[in-house]
Structures are given as structure tokens and as C-alpha cells.
Amino acid sequence: MLKTSTVDTAAGPFTAVVDTDGAVLASGWTAQPTDLLPLISPDLFTSTPAAVRDLGPVTRAIRAYHDGDVHAVEEIEVRQSSGPFREHAWEVLRKVPAGEPVSYAEYAALAGRPQAVRAAASACARNAAALFVPCHRVLRSDGSLGGFRWGAPVKRWLLDHEAARAA
């Protein structure tokens, strides 16, 4: 059975949807689980999620991250489904260190396809597991924020939060 829970954070309400084994399927800065459900690949959407108070390790990681441990989310399992490049790009994105954002061009190169900047940007845009797959760490080549599903103010908060605490 899928489960969902919302946590109040300094960046706003944060909701996660997890699979029966605790893997994050979707997450983001919203109080509405229904905002996340369309982001989950149909082959992973096994049931209507049940709301629970606590998602165990996932909830602890969300709280710890927002309280200052920017590495707390790194060990949480994530499950997303798409094509081979996008799935690989999401795995690569999890290796971009907190406090060290990259450009879309750098991200494409890290993913092994330096000419595929648009495909790399698309991987960010279609990332269902925000925070756990840190698409907020990718910026435009001029250093500006670029897009973010959860809004520029949240992206700025995350980058500032990580810059102040990463080491």
C-alpha cells in the first residue's frame, strides 16, 4: 500500500508519497498529496495512497534536512520510472553535492551526454522526487535559478540552506 505524509518545514509544507517498502515515489513542497500523484509513473502507482502521520526514515530525513543536515536525504531510496537516459540522469543528479550546484550543461556532461542539455533539463522537469533527487541543484549557465516545479522562492531557500551548511 502506498502511503503519504506532510511535514511542516521552514520552506513550506512538504509531502512525500512512498511505496510499501519505503521508497520515495514522489515528493515536493505542497500540502496536497493530489499534487504529487500525477507525477508518479503509472507502472509504480499500485494503489491510492493512505495518509499517515509519519513515514519513518523518510519523515526523519525530511525533518533533518530542513533542520540543517543537508546530507540526511542521501540514503533514502527513490523509485522513478522512465526511459534509460532519464533514469540514469536522476541517478547522476543524486550525486551532485549539496552546496555545489551545476549548470544544465554540466549536468548533461555528468550524465554522459554533453550535447543533450535539453534532455538533462527535461529530466529535472520530470523529476517526481524533489529533494531526494535534488533537481534544485541545477542552474542556468548564467547562474540564474531557472525553473523549479515548487517555485523560485523554494529553490532559492534550498540553495542558500545548502550553501550555508554543506561541508
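This report describes the nonpolar core, the cavity and one loop residue of a predicted model.

Residues are numbered from 1 along each chain as its sequence is written. In this predicted model local features need pLDDT of at least 70 and side-chain atom pairs count only at pLDDT 80 or more, while totals for chains, interfaces and linings use all residues, and side-chain values use heavy atoms, with hydrogens and water left out.

The largest nonpolar core (buried Ala, Val, Leu, Ile, Met, Phe, Trp, Tyr and Cys residues joined through side-chain atoms within 4.5 Å, where buried means under 20% relative accessible area, exposed over 50% and partly exposed in between, with a 1.4 Å probe and protein chains only) has 50 residues, and V24, W29, V58, L93, Y107 and F132 have the most contacts inside it. Domain 1 (3–67) and domain 2 (84–164) both give residues to this core, so it lies between them; the domain bounds come from an automatic or database domain assignment.

Contacts, meaning heavy atoms within 4.5 Å, are listed below for two residues, not counting residues up to four places away in sequence.

| Residue | Residues touched (heavy atoms within 4.5 Å) |
|---|---|
| V58 | A16, V18, G22, V24, I76 and F132 |
| R149 | L39, A125, R126 and N127 |

R149 is partly exposed, with a relative accessible area of 39%, and its C-alpha atom is separated by 7.2 Å from that of A125, although the two residues are 24 residues apart along the chain.
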